[in-house]
Structures are given as structure tokens and as C-alpha cells.
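Subject: Handover of a structure and notes on its contents

Dear colleague,

I am passing on to you the structure shown below. Please look through it first and then read the notes that follow.

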Amino acid sequence: MRIAIIGAGLAGLTTAVELRRRAADAHIDVFEATDRLGGKLFTAAFASGPTDVGAEAFIARRADAREFFDSLGLGDSVVSPSGLRSLIYSGGETKPLPAGGMMGIPSTSAPVAHLVSAETCARIDAEGSSAGIEWQVGQDVAVGELVAQRYGAEVVDRCVSALLGGVYSCTAYDLGLRATVPALAESLDALAEAGEPVTLSAAVARLEAARAEQMKAAAAARAAAEATSGAAEAAEAPAKPAPIFGAFRGGYAELYEALAEHSGADIYVDSFISGITGQAGKWQVTGGGEAAQQPYDLLVLATPAPTTAMLLKQAAPAVAAALAPVKLADSVVVAMKFDSDAGLPDNSGVLIATDEPGVYTKAFTFSSKKWPHLGQRGGALVRASFGRFGDTTALRTDEDTLVDWALDDLKTITGFDGRAAGLSEIYTQRWFGGLPRYGADHLATVATVRRELGAVPGLELTGAWAGGVGVPAVIADARACAARLLG
């Protein structure tokens, strides 16, 4: 059996590994248009050590992802963050990140009172007694639109977009609630199904109550374990929940290199596939050199949605048409290594309100503060992030100007003078179409693509556009893709 996979990013390589585990004798070719593996995961080779300039963390509480990493022999490479909190820059000063709520959306004004006006606080606190939302179970809406309607634009610009922007490279107005904050959409559904007034504050309060119950149950379980174990065992029991996030000690290169090795696939870089023809058992790819001369029994496209649509115009036109609504968000990461960290705040980073004037950067990650294994290198490692959906300013700006913007904004926001601290290393990574825009219609689009794909046997699609943002989500979708392909 011959299988072709287009794309050697996280989705394509994970699919190759899962296919190998399910079909040990299959011949698997992976074609990558660029000159390296990893796709949107990229670990740059700094003199001070490997440094991620794409994704830099994953949700460590996803048991399926941790088990998958263990199966690749990477369990001992996973590290945890320091636990330092992030800040928000708004109104010309850094302020604490709001506690509680859901992705910056509070149930009362208390958590965000230091970020918004008194008028907005009063509006938040009155929302629960105002006319309910006309909510239909299963519907979706833009996060920013919903929050602005119920709480006001200040909450969107100074809290929600700041938090979501670092994850999705979009403002909250460009993101669908069900696609990006599904727990909140489900909480609104639950209120509607129960016949209760549907308000934003009530939906968030339900989530906060559920979270408190989970913490209470965890504390009770710990107390029971301490009561039934010896003093030594009790002393060794974890005092707090496991960290939410994790990373790899040697950067994401550890992951994509391990995937390539475990896949047993023939991987061809600098192999641009320009077209696909045929059907199951007779898939033919244009490009790929001599390796692709024979037809393939099965085909997987693990490429961004617009690329996938372009490649399938002839072989699966209905699928290609269904993918058309998926748009991409661009971004830029400037990673900087400083000789000294004197004056850098003891926080994991700073998110920047979208209504803050005179600032180009959307966020800073203080990587050497956030990750102890990076802090051990000495000095300071800082990542500056630029760009949101529809804004190509950073992509069109030369590297010297981007670095100047990053250094100027860093000094303005934190007081840390990177030039005086000694800027010893710089790496600028431009992510053209780095992430799909998960708009209010995104899940419906994916469902339509899946439906059309069901009529094309021997073909499967995967990637961040299909399974959701984040490394565990991409891995889960790629593994499911392999399972569907082999039936």
C-alpha cells in the first residue's frame, strides 16, 4: 500500500506516525514544500540554546497528548513553567491579568475594575438583570460582538482581545465563540435548555462555579489521600494542581524530529506539490520528483486550508469549494537574547490592549522568566509578537524596524532597556498565514468540508483549520485522520 502525505508539519508528521502504527508495511511518502520539517513549529538555533519562534507551549493537562509524547520517548523532555503570572498593558501602565472568568470575560466587574471605566463596571454588574440574550442552542456568534453588546467595547479591547490575540492572532471580533471558547457557548446553551434567562454573566458564573467544585473535589481527594497514607507519602503529595502548560526542554524540534524518525516515512523537503489528480487507488501528485511517479492508494493533505483547496480543485472540487471560507491570520515573532535581565519584570509576559495607542507589539513573552530551563542560560530571552488578522503591517516591515519597535515598546511598557542590557542574539520569524481565523462560521465550514470529503474515498485532510488551535488539538485530529483513512 502506497500513501502520500502533503505537508511535513505537526499534522502531516503525526498522521505518518499513526499510519505507520496501523499499517506497518505501508510505503509512506511525505512531501514538504519548504526546506525543513515542523511547519508552524520552529526551533531556531541560538548560540545560547534552542529557542522556539513559533508555538512555545502546549496544554499539559491533555492526557492524550502526554501519552502520545511518552510513546515517542519524549516524556522526560517535557518541562513546566515557573508559574509567574502575566500582565496587561492598558491605559499607559502594566496591570494584573484579570483572575477568574473565562478568557478575560468576567461574571462581575470586580476582576476587571482596574482595566475599565466605572461606567463599564456598572454595565457589567447590571447585565444579569437586563433583557436576556435571544440565544438558540447550537448557534455561534463572534466573541467580540457578544461581549461588546453585553458589557461594552472596553472589556473586548482591554481584556478579551488581549488574551485571545496571543493564541489566535485575531481580535475577539474575528473569532467565533463556539470555536474558541466552547465552554462558554455550552454554558449559554445550558441556560437556554433549562429555560432560564440567558445572560453572559450567568453563563460565566456557571463556569466559575463548576471550576470551584472541581478544585474542591481535588482538595477533598488530596485530604483523603493524606488521611490514609503515611506522613512521608502525604508530604510528597502535590500541593497544587499540575501546571496547565508544558514545553520541551530542547524546543519543539524534539517533537518534530521524533515524529519524523518514528514515522518510518520517506520525507522529501523542497518538494512543492502543484497539483493532484485521480481517485482512490490512483492518486497522482504533480511535483515530488522521481519518488512521486507511481500512483498512491491513499492520500492525505496536511496543508493550510487555502493550499488544500488549490490542490483539490481538479480532484475534489466540492471539497475545495467548501474550504474557500477559511481565511488565515499572519503574524511575526521577534526573539531576542539579552546579556542581562536586570529590570525585566518577574512575570511571564505582557499582553497589550488593542486600544492602546502608539504601541506596535501585541504581546511580549519573557521566556527566561516563564520557563526555568531557559532562565538557567543566564541573561534574558524575550519574544515580541506582532500582527493580527487583516493587519499586514508587521509582515511588510523590515527586520531592523521590527527590532526597534520591539525594543522601544519593551522599554515603554516595562522600563527594561534592552539596548543597554546588551542585545546579543535576534531571530525574526514571519508567519505568513500562520493560523486559520476561527470565525463564527468556522465550525459549520469544517462540518461541510467533512461531509463533502465523505464522498471522496481514499482522501483525508487534517491540520489546524480542521481540529482546532494548539498542539494537542492538531495531534488528536491527525491521529483521527489516520484512523479514518485506514477504516
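The notes below describe two sheets, two helices, some aromatic pairs and a few unusual backbone angles.

Please bear in mind from the start that this is a predicted model.

The seven-stranded sheet

One open sheet is formed by 7 strands, in the order β8-β7-β15-β16-β17-β14-β18, and its pairing is mixed. Its edge strands are β8 (93-96) and β18 (423-436), and each of them pairs on one side only. On average, neighbouring strands in this sheet are turned by 25° against each other, if direction is ignored. At one end of the order, β7 (residues 86-90) and β8 run antiparallel and are joined by 4 bridges. Within this pair of strands, Tyr 89 stands opposite Thr 94 in β8.

Helix α15

Which helix packs on this sheet? Helix α15 (residues 399-414) does so, and it touches β7, β8, β14 (328-338), β15 (349-352), β16 (363-366), β17 (380-386) and β18. The direction of α15 makes about 100° with that of β18. The helix has 16 residues and spans 22 Å from its first C-alpha to its last, which is close to the 22 Å expected at 1.5 Å a residue.

Several residues of α15 are buried, among them Leu 402, Val 403, Trp 405, Ala 406, Leu 407, Asp 409, Leu 410 and Ile 413. As background for reading such a list, an α-helix has 3.6 residues a turn, so residues three or four places apart point the same way.

Both ends of α15 have a feature to look at. The N-terminal end is capped by Asp 398, with a side-chain oxygen 3.2 Å from the backbone nitrogen of Asp 400. After the helix comes Gly 415, whose phi is positive, near 85°.

Aromatic pairs

How many aromatic pairs does the model contain? The count comes to 11 aromatic pairs. In one of them, the rings of Phe 58 and Phe 248 have their centres 5.6 Å apart and their planes at 35°; the pair is therefore tilted, since this angle falls between the 30 degrees below which planes count as stacked and the 60 degrees above which they count as edge-to-face. This pair links distant parts of the chain, as Phe 58 is in strand β5 (residues 58-59) and Phe 248 in strand β9 (residues 245-248), 190 residues apart. Phe 58 and Phe 248 are both buried. Together with Phe 69 and Tyr 252, these two residues form one aromatic cluster.

A further aromatic pair consists of Phe 338 and Phe 416, which are edge-to-face, at 5.3 Å centre to centre and with 80° between the planes. Phe 338 lies in strand β14, while Phe 416 is in the loop between α15 and α16 (418-421), so the pair ties together parts that are 78 residues apart in sequence. Phe 338 is buried, with a relative accessible area of 0%, and Phe 416 counts as buried at 1% relative accessibility.

The three-stranded sheet

Strands β5 and β9 also belong to an open sheet of 3 strands, in the order β5-β9-β6, with antiparallel pairing. The edges are taken by β5 and β6 (78-79), each with a single partner strand, so one side of each has no neighbour in the sheet. Strand β5 is joined to β9 by 2 bridges, and the bridge partner of Ile 59 in β9 is Phe 245.

Helix α10 and Ser 263

Is Ser 263, in helix α10 (residues 253-263), buried or exposed? Ser 263 is buried, because its relative accessible area is 0% and the cut-off for buried is under 20%. Leaving aside residues up to four places away in sequence, Ser 263 touches Ala 16, Val 17, Arg 20 and Ile 28. Other buried residues of α10 include Leu 255, Tyr 256 and Leu 259. The helix is followed by Gly 264, with a positive phi near 60°.

Positive phi outside glycine

Two further residues have a positive phi although they are not glycines. Met 103 has a phi of about 50°, is found in the loop between β8 and α3 (118-126), and counts as partly exposed at 29% relative accessibility. Ser 169 has a phi near 55° and lies in the loop between α5 (153-168) and α6 (177-180). Ser 169 is buried, with a relative accessible area of 5%.

Yours sincerely

How values were computed: Residues numbered from 1 in each chain as written. Predicted model: local features only at pLDDT ≥ 70, side-chain atom pairs only at ≥ 80, totals over all residues. Heavy atoms only, no water. Pairing = 2+ DSSP bridges. Axes fitted to C-alpha atoms, helices over the stretch in contact; angles between N-to-C directions. Contact = heavy atoms within 4.5 Å. Expected span 1.5 Å × (residues − 1). Buried < 20%, exposed > 50% of the residue type's maximum accessible area, 1.4 Å probe, protein only. Polar contact = N/O pair within 3.5 Å; in protein donor to acceptor, adjacent residues only side chain to side chain. Phe/Tyr/Trp six-rings, centres within 6.5 Å; stacked < 30°, edge-to-face > 60°.
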